[in-house]
Amino acid sequence: MNKLLVALHHPATNLVVALILVATSLIEVWESATGHGVKMALGAKEMKVGAYDGVLAYGLVHLLRAIAELVEDVERGVRH
């Protein structure tokens, strides 16, 4: 669990999540301003990208971080 905490608190993780948030937000702003969506090809299907994708990434990282810290606290409490 310690490795997960280290990875989740690593500056690179924060950088990637921040880049996802900024990129998806800019895509949504562009779509609102121009009326033209930015679509990513995913095989034969298209996927619409928006700020909600960045918020999802942010939420997942923080959820994993909270779970890892909770498990670490419980393990520390069991040892003492």
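Gly 35 takes a positive phi of about 80° just after helix α2. The model is predicted, so that local features are reported only at pLDDT of at least 70 and side-chain atom pairs only at pLDDT 80 or more, whereas totals for chains, interfaces and linings use all residues. Residues are numbered from 1 along each chain as its sequence is written, and side-chain values use heavy atoms, with hydrogens and water left out.

Helix α2, which ends before Gly 35, covers residues 11–34. Its 24 residues span 34 Å from the first C-alpha to the last, close to the 34 Å expected at 1.5 Å a residue; the expected span is 1.5 Å times one less than the number of residues. Thr 13, Val 17, Thr 24 and Glu 31 are the buried residues of α2, where buried denotes under 20% relative accessible area, exposed over 50%, and partly exposed the range in between (1.4 Å probe, protein chains only).

The secondary structure of the protein consists of three helices and two strands, in the order α-α-β-β-α from the N terminus. These elements are DSSP runs numbered from the N terminus, with helices (H or I) of at least four residues and strands (E) of at least two. Confidence is expressed as pLDDT, the predictor's confidence in each residue on a scale from 0 to 100. The mean pLDDT of the protein is 78, and 82% of its residues reach 70 or more. Among the elements, helix α1 (residues 2–8) has the highest mean pLDDT, 84, and strand β1 (residues 39–42) the lowest, 57.

Of the 80 residues in the protein, 18% are buried. Contacts were defined by heavy atoms within 4.5 Å. Among contacts with a separation of 6 or more, 64% involve residues 24 or more positions apart. Ala 68, in helix α3, is buried, with a relative accessible area of 0%. Apart from its neighbours within four places in sequence, Ala 68 is in contact with Met 1, Leu 4 and Leu 5. The C-alpha atoms of Ala 68 and Met 1 are 6.2 Å apart in space, although 67 residues separate the two in sequence.

The protein exposes about 6,000 Å², of which carbon and sulfur atoms supply 70%. Accessible areas were obtained by the Shrake-Rupley method with a 1.4 Å probe; for residues, only the protein chains shown count as cover. Leu 56, Leu 60, Leu 63 and Ile 67 make a nonpolar surface patch of about 370 Å². Patches comprise residues with over 30% relative accessible area and no salt bridge; like charges are joined within 9 Å, and nonpolar side chains (Val, Leu, Ile, Met, Phe, Trp, Tyr) within 5 Å. Leu 60 lies in helix α3 (residues 51–79) and counts as partly exposed at 45% relative accessibility.

The structure holds two salt bridges, each defined by a side-chain nitrogen of Lys or Arg within 4 Å of a carboxyl oxygen of Asp or Glu. One joins the side chains of Glu 72 and Arg 76 at 2.8 Å, N to O; these residues are four apart in helix α3, about one turn of the helix. Another joins the side chains of Asp 73 and Arg 76 at 3.3 Å, N to O, with the residues three apart in helix α3, again about one turn. Glu 72, Asp 73 and Arg 76 are thereby linked in a network of salt bridges. Arg 76 is partly exposed, with a relative accessible area of 38%, and Asp 73 is partly exposed at 43%.
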